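Here's a quick briefing on a two-chain model, written for someone who'd rather poke at coordinates than read prose. Have a look at the structure first, then run through the notes.

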Amino acid sequence: MNLFKLSWNYLKDKPLNTMLNILLMSLGIAIILVLILLSTQLEENLGKNKRGIDLVVGAKGSPLQLILANVYHIDFPTGNIKLDEAKGLMRNRLVKSAIPLALGDSYRGFRIVGTNHDYINLYQGEVADGVLWSYNLEATIGSNVAKRLGMKIGDEFFGSHGMSDAGMDHDEKSYVVVGILEPSGSVLDNLVMTNIESVWAVHDHEEEHEHEEGEAHDHDEKELGSAYQTGLPDGDSDDEITSLLIQYRSPMGAVQMPRMINSNTNMQAASPAFETQRLFSLLGIGVNLLRSFAYIIIIISGLSIFISLYNALKDRKYDLAIMRSLGASRAKLFVHVVLEGVIITVLGGLLGFVLGHGLTEALASSYEKSEEVGVTGLVFVNQEIYVLLIAIGVGIFASLIPAFNAYKTDISKVLADD
Amino acid sequence: MISVDNLSFGYSDHKILSIPHLEVQEGQHLMVLGSSGSGKTTLLHILGGLLAPTEGKITIGKTDLYALSNQQIDKYRGQNIGLIFQKPHLISALSVEDNLVLAQYLSGAAQDKGRAIEVLEELNLGHKAKSKVKALSQGEQQRVTIARALLNRPRIILADEPTASLDDANAHKVIQLLKSQAEKYKASLMIATHDQRVKDEFDLHLNLTAA
């Protein structure tokens, strides 16, 4: 026999009450943990993917959309910008480096991105198998693309127009897989990457096909990309790209470039840092609301613990007096009652921990995009410790008043009151 | 064994209890008689260290009881004084056996299940050791409280109206039981009662009258 066993026996004696308190506590904790897990992982992944990109320059439209489409590849592009204008921008002395992107096509839900090798280096991508693309219509695919579609080197495929499965196929020119990347936990995992000229070629071909029908084409000719490693491809005055990912040479760039681009050109500049922060402040309202809701549940469960202990103590004042008469000190009874609150919250906390992680994992695995965003329930975030500590704090706090009542039980009076 | 000197309890204008001198030798048993409100329970509580007297000195053996700190009194009581109350207050969340083990734990004694069973068997309760308290009859519960009081081999057994809720046959049985057990453990037994059925069981009487 010890105080823990004693408190546990009291809890076992009222199973329904105890269950209710544990469930309430675990529910509150589970909701908070789900929110913490989702938001920290989302924040972490969004942060990881925008690293090294100071400014995104693309067609006019919503700046948030520009960022979502070109950095995270989750929204549709705002449109295209002229290759010549992009070239002009690259010569700007404030620009340290610029990576061009040409979007617009996809293969079975995975985006085809026309770019150069700088883009791979930006995310420290490593080749797992094969090589990076260099000839036109060669493609290197992300690890997740390879896994999900079961693709391997040498496979040929047709891109389809648009970003969804339902797009029309460009069935004249096929890409060939020349390399597969290592998983990097970045957007690269879910992309199909190729030369910008390959993206042009697929589209040009259709136009040529329509307008200059009958003209002969040599399909087998392999053409080396003009800028597959870095910089912009040659192209002509009609050619377009979707965006440029810019890194400034100095902090001066942050002051001058966005304004210069937005007011003097047909292009739009948006800062990933600023836009993701804006996105989070928008999402934050909902998250905060849910979080307060969860804290209210925890407080209510604390209140419920308090009420059940307080009520139980009315029936238990004889028990407490008897325990005193058997030699228990006041402090021992105080601890005995506080222990009951603590046992409930610790059990509630553990159950909440399991529920929270289980729920997150269930959500993550039922939502197919979650792998792209990189959300899982099987990680531990440091913040969780604080939530569990807060919960135990609530349990102790809820049992303080009942425990204090137990502490000051007047044994003689209670026993004489028979 | 127990000596009481200049004991008084109550307020200056309303004395509940006043005992100039009382002494009970080792092995002697005392019957405290009096109608309700005469201070029987108060006296037992004072002797048991549950209630500090307004004035006076209680000495048990060589210990001046109220010179001890609160915590020391709790401990002293747990180890040396067995208390039995009118109603059988047991911890209903625990089994009969665990109620006894709890008494060992709270008094700071070693937890000895064998001893608990031994005492239960002496009181013919061995077969009820694993039962829930609620499953016991009133008389059985009262015997468990006696077992609990005897468990730590107390030097003094204080019983407050132990027979009040029992029928004639059981009342005598309980008194005989208390007497024989007290003799076995060489403890002083003090019973406070207004029960006419049992008052002649002991030679030593203390008559309290309402002040």
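A:Gly47 is exposed, with 12 other C-beta atoms within 10 Å; here exposed means 12 or fewer other C-beta atoms within 10 Å of a residue's own, buried means 20 or more, partly exposed is in between, and C-beta atoms are placed from the backbone. This glycine, A:Gly47, is found in helix 2 of chain A, where helices (H or I, at least four residues) and strands (E, at least two) are DSSP runs numbered from the N terminus. Keep in mind that this is a predicted model: local features need pLDDT of at least 70, side-chain atom pairs count only at pLDDT 80 or more, and totals for chains, interfaces and linings use all residues. Residues are numbered from 1 along each chain as its sequence is written, while chains are lettered from A and ligands numbered from 1 in the order in which they are written.

**Helix 2 of chain A and its partners**

- Helix 2 covers residues 15-50 of chain A, so 36 residues, and reaches 51 Å from first C-alpha to last, close to the expected 52 Å (the expected span is 1.5 Å times one less than the number of residues).
- What follows helix 2 of chain A? A:Gly52 does, and its phi is positive, near 85 degrees.
- A:Gly47 and A:Pro272 sit 225 residues apart along the chain, yet their C-alpha atoms are separated by 9.2 Å.
- A:Ile36 has a remote partner too: A:Asn382 is 346 residues away in sequence and 9.8 Å away in space, C-alpha to C-alpha.
- A:Asn382 lies in the loop between helix 11 (370-373) and helix 12 (383-407) of chain A.
- With 8 C-beta neighbours inside 10 Å, A:Asn382 counts as exposed.

**Chain A overall**

- Chain A has 13 helices and 13 strands.
- The domain assignment splits chain A into domain 1 (3-46 + 287-416) and domain 2 (55-270), with bounds that come from an automatic or database domain assignment.
- The centres of domain 1 and domain 2 of chain A, taken over C-alpha atoms, are 52 Å apart.
- Chain A has a radius of gyration of 31 Å, whereas a compact globule of 418 residues would come in near 22 Å (the radius is taken over C-alpha atoms, and the globule rule is 2.2 Å times the number of residues to the power 0.38).
- Along the principal axes, the C-alpha atoms of chain A fill a box of roughly 110 × 45 × 30 Å.
- Of the 418 residues of chain A, 43% count as buried.
- Among the contacts in chain A with a separation of 6 or more, 80% are between residues 24 or more positions apart; a contact means that two C-beta atoms, placed from the backbone, lie within 7 Å.

**Confidence in chain A**

- Mean pLDDT for chain A is 87, and 93% of its residues reach 70 or more; pLDDT is the predictor's confidence in each residue, from 0 to 100.
- Watch residues 209-218 of chain A: pLDDT stays under 50 there, and the model has one contact beyond four places in sequence for them.

**Chain B overall**

- Chain B has six helices and nine strands.
- Its radius of gyration is 17 Å, close to the 17 Å that the globule rule gives for 211 residues, so chain B is as compact as a globular protein of that length.
- The C-alpha trace of chain B spans about 50 × 40 × 30 Å along its principal axes.
- Of the 211 residues of chain B, 47% count as buried.
- For contacts in chain B between residues at least 6 apart in sequence, 72% join residues at least 24 apart.

**Where the chains meet**

- The contact takes 27 residues from chain B and 21 residues from chain A.
- On the chain B side, the elements giving two or more residues are helix 1 (40-47), helix 2 (70-80) and helix 3 (96-107).
- Helix 3 of chain B gives the most to that side, with seven residues.
- The chain B side divides into 12 nonpolar, 10 polar and five charged residues (nonpolar: Ala, Val, Leu, Ile, Met, Phe, Trp, Tyr, Cys and Pro; charged: Asp, Glu, Lys and Arg; polar: the others, Gly among them).

**Positive phi outside glycine**

- Most residues other than glycine have a negative phi.
- A:Arg108 has a positive phi of about 45 degrees, and is found in the loop between strand 3 (95-107) and strand 4 (110-114) of chain A.
- A:Arg108 is partly exposed, with 14 other C-beta atoms within 10 Å.
- B:Asn124 has a positive phi as well, near 55 degrees, and is found in the loop between helix 4 (113-122) and helix 5 (138-151) of chain B.
- B:Asn124 is exposed, with 11 other C-beta atoms within 10 Å.
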